[in-house]
Structure formats: C-alpha cells, structure tokens
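Reader: I'm new to looking at protein models. Could you walk me through how to read this one?

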Amino acid sequence: MTYIFAHRGASKYAPENSMAAFRKAYELKADGIELDVQLTKDKVPVIIHDESLKRTTGVKGFVGEYTFEELRCLDAGKWFSKKFKGERIPSLEEFLIWMKPTNLLLNIEFKNNILPYYGMEKIVYDLVKMHGLQDRLIYSSFNHYSLKEMKNLDPSVDVAPLYSNGLYEPWKYVQQLPAYSAHPSWRTLNQTILNGFKNAGIKVRPYTINDPKRMKWLFENEVEAIVTDIPDVARAVKAGTHSTKGKKVINALQKINLKSWRS
C-alpha cells in the first residue's frame, strides 16, 4: 500500500501550510499531511515554509524575529486568493489538536537547514508526545544533524533525511544515520535506486509528485508514500494503477493540461 501525503496540505487548492489547506487535504482523502515547522521568537512551533515572511504574508523579516502573538496578526491567505483573506499562520499545537481525532499520518519537516532554531527538536517532540501522537509521526529535514538529534531523544522515532541531489547508493547513507526511511526528490530516482532502497528495507517517500505518469510509476513500484500538492489526482491514479476499470481514469488525467501542476 502506498500512502498519499498532501504537501503543505492540499496546496494547489488552498494557501500552503494553512488550516484551510489541511482541512482540504482531509476532505480529498489524503492519508497524511506534510508540513513545515519553525520556531517563533518566544519558541512556539509554527507551521510555515519560508524563513522569510514576505512571500506568504507580505511582511518583512524572519519567522524567528516575531513572537507567536505578533505572527497571528498577519494575513497568510490573501496572497493565494481573496477567498482565503484572514487565514492565519497556525501553531503546531493547533494542528495537532485538529488532527488527533482523524486517522491522518503526519510528516513534520524541520525547517532548520538555513536558520538553526536550537532546541526545536525537543520542543516539537515533547509537544507530539503530550498529545499522544508519536505513532503517527515521521520527522524529516534537509539538516540531517537535526534528525540525529531526534534519534538521540528517542531511538524509536521514524526519521527520514530529505535530499535533492544524486547520492551514490543512498540507502547506505540512510542506514548510517541510522534511519529506515528516506525522502528523496523524485528527480533523483530511477529503477536501480528504487530497487536498492527496497533491497535494503528502506521506506521511500519521494517529493513532490504532481504528474500522473510519475505517480503511476511510483505506485507500481509500491513506494511507502508519495508527497503531492494534488491528493485527489493521486488517489484517482492510484485506483487506476490497481484496477482495469481505473485505467480509464489515468488515460483521462493524462489528457488534462497538468502543466501548472508539474514540478
């Protein structure tokens, strides 16, 4: 079974990393949510991708220069559409409270490969534990030292190194971390590498796949999960991959102009 994770929520339909995007992903029957976490000036974990606030709020400065209350005054929705004017930057705790009664899985990406956010791993880990969601969590980061810190906190946690360049025999690197999951860019993958991961027992969850043809290939290879902006399309492709009737769905999707969705 291959899980479908909504990248920053259903981010083609609502502002990324917003509660609106997370609710939409759940509505579209995503299996899990992928989101990004940083720390405010007063050490509150918040959900936002860029270190800079400019793109999604129009405000100058960095996330870590503002308190949580100051960030909550910013509009993080109108950049996407007038429909989402007034959408706020959510705290991680707000999301966890919403997520708990659902059956969603969660991938938290630590956004600490540019700014360090010292102590973020322990703060996030304690928050997840307080809400009893440890068994539904995957932690990822481009900062692999951060993942090593998570393993020091709790050797049982599922950590997955993110990477975007061509690593030689990447499954060996993942094992040395040590980890049993990997989150590579889809651009780094070919059949040989997928086979290498499979033979090593490493779970692979590539990002960000929005092209139905690539989705189909990954579903056929039975990767652990894919990360996508369009979970509804992924679900339709997945259904078509495993049934004769569903192949008509894939054929129809391939005729649609998905240029703006491809990454």
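Author: Sure, starting with crossings: one is left-handed if the near helix is turned anticlockwise from the far one by less than a right angle, and right-handed if clockwise. Helices (H or I, at least four residues) and strands (E, at least two) are DSSP runs, numbered from the N terminus. Here, H5 passes H6 in a right-handed crossing. One caution: this is a predicted model, where local features need pLDDT of at least 70, side-chain atom pairs count only at pLDDT 80 or more, and totals for chains, interfaces and linings use all residues. Residues are numbered from 1 along each chain as its sequence is written, and side-chain values use heavy atoms, with hydrogens and water left out.

Reader: At what angle do H5 and H6 pack?

Author: Axes are lines fitted to C-alpha atoms, for helices over the stretch in contact, and angles run from 0 to 180 degrees between N-to-C directions. Under 35 degrees counts as roughly parallel, over 145 as roughly antiparallel, 65 to 115 as roughly perpendicular and the rest as oblique. H5 (120-130) and H6 (residues 144-153) pack at about 50°, with axes 9 Å apart, so they are oblique to each other.

Reader: Which residues of H5 and H6 meet?

Author: Contact means heavy atoms within 4.5 Å. From H5 come Glu121, Lys122 and Tyr125, which meet Ser146, Glu149, Met150 and Leu153 of H6.

Reader: And how do H1 and H4 cross?

Author: The axes of H1 (residues 19-27) and H4 (residues 92-99) come within 11 Å and cross at roughly 25°. That makes H1 roughly parallel to H4. Met19, Phe22, Arg23 and Tyr26 of H1 make the contact with Glu94, Phe95 and Trp98 of H4.

Reader: Which residues of H4 are buried?

Author: Buried means under 20% relative accessible area, exposed over 50%, partly exposed in between (1.4 Å probe, protein chains only). In H4, that goes for Leu92, Phe95, Leu96 and Met99. They cover an arc of only 100° around the axis (taken from the directions from the helix axis to the C-beta atoms), so they sit on the same side of H4. Their packing partners are H1, strands E2 (32-39), E3 (45-47) and E4 (105-110), and helix H5.

Reader: Is tyrosine 118 buried or exposed?

Author: Exposed: tyrosine 118 has a relative accessible area of 70%. You'll find tyrosine 118 in the loop between E4 and H5. Not counting residues up to four places away in sequence, tyrosine 118 touches Leu39 and Lys43.
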